[in-house]
Amino acid sequence: KHAGGQTYRFFEDRMRGEFLVSVQIENDIRQALKAGNQFALHYQPVKRADTKETIGVEALVRWFHPKKGLISPAEFIPVAERTGLIIPLGEWIVRKACQDLYAMRLEGLTLTVAINISTEQMKQPDFVDIIRTIVRTEGVDPSNIQLEITENALMENTAESVAKIDMLRALGFTIAIDDFGTGYSSLSYLKHFKVDSLKIDQSFIRDLPRENADKAIVAATLQLGEKLGITTVAEGVETEASSQYLKESGCSYLQGYHFSKPIPYQELMMYLDREKVK
Ligand code: C2E
Ligand code: CA
Ligand code: CA
Ligand code: CA
């Protein structure tokens, strides 16, 4: 019993610790949004599986905390979602990605920029309006923007979400299902939502071509994409062996450390220059 009490106290302390940490992160995110120079977007190339040509990039947010240094989005995005701060932060991300897309066009590059959209952003009644206003103000074409949405985001308020996705697609945006295969949902949502791409979660890609279960899941997903007439993206491609395997299996696009980590805009320009020369 004594030990039980101690264990309980331990958990209670730890929970309080985590609570304090998240309150501090919340305050620091507020500060960072005001300061305006602590967040940045890094870009990870997305390659055609057959030619390895870079056809697009995924924008991934980075936070350079003045005291703590680089903080992972896995740590602060959940806090931003719980506190509603993902709304202003998400708008900053969309605007910044559009500005970088505009700069890419000036460089003569035609790339698709994929932007991660959180469930909380999707839930806003005026989400479509907000995003339409940003692309108009920044002077970019929605057909160069892919919105990455998780399965869970689609499961909330299905009728409303269907309408939003349809409106976004009518404006020219393409829609990808992110982390495909990891949500709590059944596949039935694919009946109601017209989407353009499935991004196979990296947990199924990491151990290719060794793991039989992963191979089966990936093969089924690629076939599903083909039958639905939509593209497939494998993320978390870390080895030549998995890159080769995915190409032979008919996956459309590949993304992962094997090709490049997410890198700042300037480094991306150098990466694309090297690619042109090769
Ligand atoms: P995600 O959208 O699934 O992004 C892919 C994550 O996998 C990124 O981590 C990326 O750096 C990492 N990754 C890419 N290739 C490889 C690989 O070959 N191996 C391994 N081990 N990892 C790889 P990151 O940037 O730390 O982002 C983590 C998550 O945070 C993202 O997962 C996404 O859910 C969220 N996130 C990141 N940026 C944004 C954003 O701008 N907005 C929103 N709402 N969420 C974001
Ligand atoms: Ca993503
Ligand atoms: Ca993902
Ligand atoms: Ca993820």
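Me: Why is Asp178 called buried?
Reply: In this predicted model, Asp178 has a relative accessible area of 7%. Buried means under 20%, so Asp178 qualifies at 7%.

Me: What makes Glu148 buried?
Reply: The relative accessible area of Glu148 is 2%. The limit is under 20%, therefore Glu148 is called buried.

Me: Which protein atoms count as donors of the calcium ion (ligand 2), and how do you know that they count?
Reply: The donors are Glu58 (OE), Asn116 (OD1), Glu148 (OE) and Asp178 (OD), at 2.1 to 2.4 Å from the ion. For Ca the cut-off is 3.2 Å, so the range of 2.1 to 2.4 Å satisfies it. Along the chain these donors follow the spacing E-x57-N-x31-E-x29-D. Two of them, Glu148 in strand S5 and Asp178 in strand S6, link distant parts of the chain, being 30 residues apart.

Me: What makes the protein atoms around the calcium ion (ligand 3) donors?
Reply: Asp178 (OD), Asp179 (OD), Glu235 (OE) and Glu235 (OE) lie 2.1 to 2.8 Å from this ion. That range is within 3.2 Å, the cut-off for Ca, so these atoms are donors. Their spacing is D-D-x55-E. Asp178 in strand S6 and Glu235 in strand S8 (residues 231-235) are 57 residues apart and link distant parts of the chain. Both Asp178 and Glu235 are buried.

Me: Which residue coordinates both the calcium ion (ligand 2) and the calcium ion (ligand 3)?
Reply: Asp178 does, and the two ions are 3.8 Å apart.

Me: How do you know that Asp179 is a donor of the calcium ion (ligand 4)?
Reply: Asp179 is listed twice through OD, at 2.8 to 3.0 Å from the ion. The limit for Ca is 3.2 Å, so both entries stand. Water is not among the atoms, so a site may look incomplete. The distance from the calcium ion (ligand 4) to the calcium ion (ligand 2) is 5.8 Å.

Me: Why is Asp179 called partly exposed?
Reply: Asp179 has 24% relative accessibility. Partly exposed covers what is neither under 20% nor over 50%, so Asp179 falls in that class. Asp179 belongs to strand S6 (residues 174-180).

Me: What is notable about the phi of Asp179?
Reply: Phi is near 50°, which is positive although Asp179 is not glycine. Most residues other than glycine have a negative phi. Lys52 also has a positive phi, of about 65°. Lys52 sits in the loop between strand S1 (39-48) and S2, and is partly exposed because its relative accessible area is 26%.

Me: What makes the contact of Glu238 with ligand 1 a polar one?
Reply: An N or O atom in the side chain of Glu238 is 2.5 Å from a nitrogen atom of ligand 1. The cut-off is 3.5 Å between N or O atoms, so the pair counts. A polar side-chain atom of Gln202 lies 2.8 Å from an oxygen atom of the ligand, and for Asp179 the corresponding distance to an oxygen atom is 3.2 Å. Both pairs are also within 3.5 Å and therefore count. Alone, ligand 1 exposes 790 Å², of which the protein buries 82%.

Me: How many residues surround ligand 1, and which are the closest?
Reply: There are 20, and the closest are Gln44, Arg62, Gln202, Glu238 and Tyr257.

Me: How do you know that strand S2 and strand S4 pair?
Reply: Strand S2 (residues 54-65) and strand S4 (residues 112-116) run parallel and are joined by 4 bridges. Pairing requires at least two bridges, so these strands meet the rule. Glu58 stands opposite Ala114 in S4. S4 also pairs with strand S5 (residues 145-150), in the parallel sense over 4 bridges, with Val113 opposite Ile145 in S5.

Me: Why is the peptide bond from Leu208 to Pro209 called cis?
Reply: Omega of this bond is near -5°. Most peptide bonds are trans. Pro209 lies in the loop between helix H9 (202-205) and helix H10 (212-228).

Me: What confidence scores does the model have?
Reply: The model scores ipTM 0.98 and pTM 0.94. The average pLDDT of the chain is 93, and 94% of the residues score at least 70. Where pLDDT is low, the predicted coordinates should not be read in detail.

Key:
Residues are numbered from 1 along each chain as its sequence is written. Chains are lettered from A and ligands numbered from 1 in the order in which they are written. This is a predicted model: local features need pLDDT of at least 70, side-chain atom pairs count only at pLDDT 80 or more; totals for chains, interfaces and linings use all residues. Side-chain values use heavy atoms; hydrogens and water are left out. Buried means under 20% relative accessible area, exposed over 50%, partly exposed in between (1.4 Å probe, protein chains only). A residue is near a molecule or strand if one of its heavy atoms lies within 4 Å of it. A polar contact is a pair of N or O atoms within 3.5 Å; within protein, one must be able to donate a hydrogen and the other to accept it, and residues adjacent in sequence count only if both atoms are side-chain atoms. Accessible areas come from the Shrake-Rupley method with a 1.4 Å probe; for residues, only the protein chains shown count as cover. pLDDT is the predictor's confidence in each residue, from 0 to 100.
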